[in-house]
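Okay, thanks everyone, I'll keep this short. Have a look at the sequence and the model, and then I'll talk you through a few places in it.

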Amino acid sequence: CYLDVGLARTSTGAKVFGVLKGAVDGGLNIPHGCKRFPGYDNDAGEFNAEIHRKHIFGQHVADYMNMLQQDDEDVFKRQFSQYIKNGVTADGMEGMYKKVHASIREDPEHKPKAPKEVKTKRWNRSKLSLQQRRDRVAQKKASFLKKLAEQEDDE
């Protein structure tokens with residue numbers, strides 16, 4: 001099994017390597033190295049698993065949340081509005097991810113979502129049927145003839 005990244009950028013810490021890590025953790029045998037995972041130090045040439053663990057459990061996001069909350073409350077509320085709405089805090093981030101991972105391990109089967117009822121907008125008019133076009137022409141013809149008759153009566 002190989003990972004074909006296609007046109008995705010393969011820079012260190014890219015999302016495609018998160019997919020690779022999930023696939024490897026899920027049991028697929030994909031040849032890889034740890035150089036592209038978050039936590040690899042290019043200068044020292046070694047991999048720090050603790051930093052990688054923090055990225056898996058969202059601690060880098062929690063740190064950013066705490067920094068924004070202390071520095072600029074308005075930016076924090078705008079950036080993390082959905083987190084606030086759903087009651088996700090920086091302190092509960094790791095627990096949330098542990099709970100998600102446990103539920104995936106418990107039942108890994110994909111459950112399709114119920115389809116949403118979406119009403120599409122039409123920006124152009126729908127086409128008229130042949131009968132509708134003939135009726136429209138007849139109305140215009142009748143209107144034109146009526147105007148002609150009125151003009152002749154006025155003269």
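I'll go from one helix to the core, then to the pocket, and finish with a couple of single residues.

First, a reminder that this is a predicted model. So please read everything I say as computed from that prediction.

Let's start with helix α3, which covers residues 59–71. How far apart are its end C-alpha atoms? They're 18 Å apart, and because 13 residues at 1.5 Å a residue should span 18 Å, that agrees with what you'd expect. Now, which residues of α3 are buried? Those are Q59, A62, M65 and L68. And what covers them? The cover includes α2, which is 49–56, along with α4, α5 at 81–85, and α6 at 93–106.

Q59 deserves a word, being a glutamine in that buried set. Its relative accessible area is 18%, and the cut-off for buried is under 20%, so Q59 counts as buried. If you leave out neighbours within four places in sequence, Q59 is in contact with K54, M93 and E94.

On to the core. The largest nonpolar core is made of eight residues: A62, M65, L68, F76, F80, V88, A90 and M93. Who gives the most to it? That's α3, with three residues. There's also a second, separate core of six residues, and A14, V16, I30 and F37 are among them.

Back in the largest core, let me pick out F76. F76 sits in helix α4, residues 73–79. Buried or exposed? F76 is buried, because its relative accessibility is 5%. Skipping neighbours within four places in sequence, F76 is in contact with M65, L68, Q69, S81 and I84. Take the pair F76 and M65: they're eleven residues apart in sequence, and their C-alpha atoms are 7.0 Å apart in space. L68 has contacts of its own, again leaving aside neighbours within four places: E73, V75, F76, Q79 and F80.

Okay, the pocket. The largest one has a volume of about 740 Å³. It's lined by 25 residues, and the ones closest to its centre are G18, K21, H55, I56 and H101. Which helix gives the most to the lining? It's α1, residues 15–25, with seven residues. Helices α1, α2, α3 and α6 each put in at least two. For anyone thinking about chemistry, the lining splits into twelve nonpolar, nine polar and four charged residues.

Staying with α2, that's also where you'll find H52. H52 counts as buried, because its relative accessibility is 8%. Not counting residues up to four places away in sequence, H52 touches K21, F37, P38, G39 and F47. You've heard two of those names already: K21 is one of the residues closest to the pocket centre, and F37 belongs to the second core.

Last one, for contrast: K85, which is in helix α5. K85 has a relative accessible area of 65%, and the cut-off for exposed is over 50%, so K85 is exposed. And how far is K85 from Y2, C-alpha to C-alpha? It's 39 Å in space, with their positions 83 residues apart in sequence, counted as a separation.

That's my tour, so over to you for questions.

Note on methods: Residues are numbered from 1 along each chain as its sequence is written. This is a predicted model: local features need pLDDT of at least 70, side-chain atom pairs count only at pLDDT 80 or more; totals for chains, interfaces and linings use all residues. Side-chain values use heavy atoms; hydrogens and water are left out. Helices (H or I, at least four residues) and strands (E, at least two) are DSSP runs, numbered from the N terminus. Buried means under 20% relative accessible area, exposed over 50%, partly exposed in between (1.4 Å probe, protein chains only). Contact means heavy atoms within 4.5 Å. The expected span of a helix is 1.5 Å times one less than its number of residues. A nonpolar core is a set of buried Ala, Val, Leu, Ile, Met, Phe, Trp, Tyr and Cys residues joined through side-chain atoms within 4.5 Å. On a 1 Å grid over the protein atoms alone, a cavity is a set of points where a 1.4 Å probe fits but cannot get out, and a pocket is an open set with protein on both sides within 12 Å along at least five of seven lines; lining residues have an atom within 4 Å of a point. Grid points are joined across faces, edges and corners, and a volume is the space filled by probe spheres set on the points. Ala, Val, Leu, Ile, Met, Phe, Trp, Tyr, Cys and Pro count as nonpolar, Asp, Glu, Lys and Arg as charged, and the others, Gly among them, as polar.
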